[in-house]
Amino acid sequence: MLARIRQLHDTTIDRYRRLGLNNSTIAWSLFAEGLFVLLVGKIIVDLVF
């Protein structure tokens with residue numbers, strides 16, 4: 001499972017680098033994506049239960 005997460009992480013970073021983003025911008029983008037997934041997950045759980 002950790003290998004799959006690492007592969008997804010590396011693929012995402014490579015995709016952002018091809019867009020010309022620097023490390024700082026990539027870090028903020030990954031942080032924002034993580035918050036988005038967390039908040040959407042919380043909303044889904046609240047709706048279901």
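**Exercise 1. Overall make-up**

How many helices and how many strands are there in the chain?

*Solution.* The model is a predicted one, and its chain holds 2 helices and 0 strands. The helices are α1, covering residues 2-18, and α2, covering residues 23-48. For the extent of the whole chain, one takes the C-alpha trace, which spans about 40 × 25 × 15 Å along its principal axes. Turning to the surface, the chain exposes about 4500 Å², of which carbon and sulfur atoms supply 70%, while buried residues make up 8% of the 49 residues.

**Exercise 2. The span of α1**

Work out what end-to-end span α1 should have, and set it against the model.

*Solution.* The first step is to count the residues of α1, of which there are 17. The second step is to apply a rise of 1.5 Å a residue, taken over one less than the number of residues, which gives an expected span of 24 Å for α1. The last step is to look at the end C-alpha atoms of α1, which are 24 Å apart, so that expectation and model agree. Just after α1 comes G20, which takes a positive phi of about 90°.

**Exercise 3. The two faces of α1**

Determine which residues of α1 are buried, how they are arranged around the axis, and what covers them.

*Solution.* The buried residues of α1 are T12, I13 and Y16. They cover an arc of only 95° around the helix axis, and therefore lie on the same side of α1. The face turned away from this buried side carries the exposed residues A3, R4 and R18. As for the cover over the buried residues of α1, it includes α2.

T12 serves as a worked case. Its relative accessible area is 7%, and because the cut-off for a buried residue is under 20%, T12 counts as buried. When neighbours within four places in sequence are left aside, T12 is in contact with L30 and E33. The second of these partners, E33, is found in helix α2; E33 has a relative accessible area of 34% and is therefore partly exposed. With residues up to four places away in sequence not counted, E33 touches Y16 as well as T12. Both of these α1 residues belong to the buried set named above.

**Exercise 4. Separation along the chain and in space**

For the pairs R15 with I26 and E33 with L19, state the separation in sequence and the separation in space.

*Solution.* R15 lies in helix α1, and its relative accessibility of 40% makes R15 partly exposed. R15 and I26 are 11 residues apart along the chain, and their C-alpha atoms are separated by 9.9 Å. For E33 and L19, the separation is 14 residues in sequence and 17 Å in space, C-alpha to C-alpha.

I26 also appears among the contacts of L21, a residue found in the loop between α1 and α2. Not counting residues up to four places away in sequence, L21 touches Y16 and I26. L21 counts as partly exposed because its relative accessibility is 28%.

**Exercise 5. Salt bridges**

Which residues does each salt bridge join, and how far apart in sequence are the partners?

*Solution.* Side chains of opposite charge can pair when their charged atoms come close. The structure holds 2 salt bridges.

- In α1, D10 pairs with R6, the closest N and O atoms being 3.3 Å apart. Because D10 and R6 are 4 residues apart in helix α1, about one helical turn separates them. D10 is partly exposed at a relative accessible area of 31%, whereas R6, at 54%, is exposed.
- In α2, the side chains of D46 and K42 meet with an N to O distance of 3.1 Å. D46 and K42 are likewise 4 residues apart, in helix α2, and so about one helical turn separates them. D46, at 46% relative accessibility, is partly exposed.

**Exercise 6. A nonpolar surface patch**

Which residues form the nonpolar patch on the surface, and what accessible area do they have together?

*Solution.* The patch is formed by F36, V37, V40, I44, V45, V48 and F49, with about 750 Å² of accessible area together. One of its members, F36, is found in helix α2. With a relative accessibility of 57%, and since a residue is called exposed when this value is over 50%, F36 counts as exposed.

Methods:
Residues numbered from 1 in each chain as written. Predicted model: local features only at pLDDT ≥ 70, side-chain atom pairs only at ≥ 80, totals over all residues. Heavy atoms only, no water. Buried < 20%, exposed > 50% of the residue type's maximum accessible area, 1.4 Å probe, protein only. Contact = heavy atoms within 4.5 Å. Patch = residues over 30% accessible without salt bridge, like charges linked within 9 Å, V, L, I, M, F, W, Y side chains within 5 Å. Areas by Shrake-Rupley, 256 points an atom, 1.4 Å probe, with all protein chains shown as cover. Salt bridge = Lys/Arg side-chain N within 4 Å of Asp/Glu carboxyl O. Arc of directions from axis to C-beta.
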